[in-house]
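Subject: Structure handover

Hello,

Please find the sequence and structure for your next round of work below. My notes come after them.

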Amino acid sequence: MIQKKSRIIWVDVVKYICIIMVILSHLEANTDVWNIFYSPFFLSGFFFVAGYVYGPKESFRKTMYKKIRQLFIPWLIFSVFNILLSHLISFNQHENLITELKWNFLQIRGKGDELWFIAALFIAFIPFYYFINWYEKKHKWIVALIISWIFSFASIMYSRLMPAEVFPWNSSSLPWHIEFVFQAMFYMVCGYVFRKEFEEKLDRYNILCIRICVVIIYLMIVFVPYFGGIEFPLIIDVLYDIFQALIGIMAIVMISKTIKSNQYINFTGRNTLIYFALHGKVYSIMQAALKKYAGTIYYLILGNTISSSFFALILSICISIILIVPAYIINKFFPFLIGKSSS
């Protein structure tokens with residue numbers, strides 16, 4: 001009997017926080033205040049913990065086989081399922097089926113790539129594998145962070161400066177998110193280096209007053225430029241975005257390491273792939289129902305930033321609770337859909 005690797009609770013808490021923010025980001029009730037708050041960390045946090053839990057003990061072939069089973073096949077099944085379902089149950093206009101399938105397999109950002117994050121994470125593991133193997137031989141964490149950051153910076157500058165009209169799809173995005181891969185890899189490297197070099201130090205200083213200071217610093221660096229109308233030059237803006245992301249990740253890691261978890265949070269954190277794949281249809285149905293049966297109240301809530309912000313958070317949590325049912329069914333009866341073997 002193969003003994004399963006025990007899960008790291010705080011990692012699932014980080015993933016829970018991030019997936020709630022992902023759900024919230026797609027809601028009509030989402031506000032600029034929420035968007036400013038979660039944007040620096042809600043995706044980079046996923047990449048960070050993906051790097052944190054990675055163990056470079058297998059060959060490239062075995063590693064990619066595992067990632068194909070855990071990421072590529074779930075992406076393929078769920079993305080095609082969502083497209084087919086959207087032509088049966090939909091509250092928005094759609095392209096024809098062949099066109100949507102074509103864009104899905106090309107994976108160009110913003111072109112019908114609803115599950116782009118899963119595809120991008122899968123591709124990011126390719127350079128990450130070789131980079132970590134190099135790091136393990138050299139054992140120079142500062143060099144690893146600098147080199148991975150340089151690749152990430154170059155990737156961001158490409159996305160910011162490349163003219164959209166250079167490609168026929170009128171976007172600087174490349175197929176299969178190649179332009180985003182090194183940005184993802186940087187945060188994956190940060191997660192891996194954190195586990196190797198810094199986790200014990202952070203745990204030593206992870207006390208209440210320091211957590212509060214880190215959270216306050218994060219809130220200041222994200223909201224002061226927003227409310228102050230401050231615009232940075234391009235290079236400074238890029239560096240500032242990375243700084244925000246790193247402080248945001250530090251804040252949620254410190255909080256997640258001390259928060260009292262429960263079965264709901266742990267289950268959601270373990271099943272973020274399913275939540276990412278299926279939350280779209282749930283929030284579409286719920287928003288359509290709200291418009292039809294509580295339209296007046298719903299639009300009054302959306303018209304106020306404070307009420308809309310609170311409502312968005314409550315609705316996100318409700319959606320995450322509803323998704324427990326399909327997540328449980330998939331884990332119990334169809335585990336191959338998410339790269340797991342039968343119990």
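The notes cover a helix pair, the salt bridges and one serine. Please keep in mind that this is a predicted model.

Helix packing

Helix α8 (residues 178-205) and helix α10 (residues 234-256) have axes that come within 12 Å and cross at roughly 50 degrees. That angle makes α8 oblique to α10, because an angle that is neither under 35 degrees, nor over 145, nor from 65 to 115 counts as oblique. The crossing of α8 past α10 is right-handed. On the α8 side, the contact is made by F186, Y187, C190, F194, L202 and Y205. Their counterparts in α10 are I242, A245, L246, I249, M250, V253 and M254. By residue class, the contact of α8 with α10 has 13 nonpolar residues, no polar ones and no charged ones.

Salt bridges

Side chains of opposite charge can pair when their charged atoms come close. The count here is 7 salt bridges, and three of the pairs are described below.

K291 pairs with E28, with the closest N and O atoms 2.7 Å apart. K291 is in helix α12 (residues 272-293) and E28 is in the loop between α1 (9-25) and α2 (32-38), so this salt bridge ties together parts that are 263 residues apart in sequence. K291 counts as partly exposed at 35% relative accessibility, and E28 counts as partly exposed at 36%.

E136 forms a salt bridge with K196, and the closest N and O atoms are 3.5 Å apart. This pair links distant parts of the chain, with E136 in helix α6 (residues 116-138) and K196 in helix α8, 60 residues apart. E136 is partly exposed at 22% relative accessibility, as is K196 at 42%.

Helix α8 also holds E199, whose partner K257 lies in the loop between α10 and α11 (263-270), so the pair ties together parts that are 58 residues apart in sequence. For E199 and K257, the closest N and O atoms are 2.6 Å apart. E199 counts as buried, because its relative accessibility of 13% is under the 20% cut-off. K257, with a relative accessible area of 22%, is partly exposed.

In addition, R160, D237 and D241 are joined into one network by salt bridges that share partners.

A buried serine

S155 belongs to helix α7 (residues 141-161). Its relative accessibility is 6%, so S155 counts as buried. Leaving aside residues up to four places away in sequence, S155 touches E179, F180, F182 and Q183.

Regards

Methods:
Residues are numbered from 1 along each chain as its sequence is written. This is a predicted model: local features need pLDDT of at least 70, side-chain atom pairs count only at pLDDT 80 or more; totals for chains, interfaces and linings use all residues. Side-chain values use heavy atoms; hydrogens and water are left out. Axes are lines fitted to C-alpha atoms, for helices over the stretch in contact, and angles run from 0 to 180 degrees between N-to-C directions. Helices (H or I, at least four residues) and strands (E, at least two) are DSSP runs, numbered from the N terminus. A crossing is left-handed if the near helix is turned anticlockwise from the far one by less than a right angle, and right-handed if clockwise. Contact means heavy atoms within 4.5 Å. Ala, Val, Leu, Ile, Met, Phe, Trp, Tyr, Cys and Pro count as nonpolar, Asp, Glu, Lys and Arg as charged, and the others, Gly among them, as polar. Buried means under 20% relative accessible area, exposed over 50%, partly exposed in between (1.4 Å probe, protein chains only). A salt bridge is a side-chain nitrogen of Lys or Arg within 4 Å of a carboxyl oxygen of Asp or Glu.
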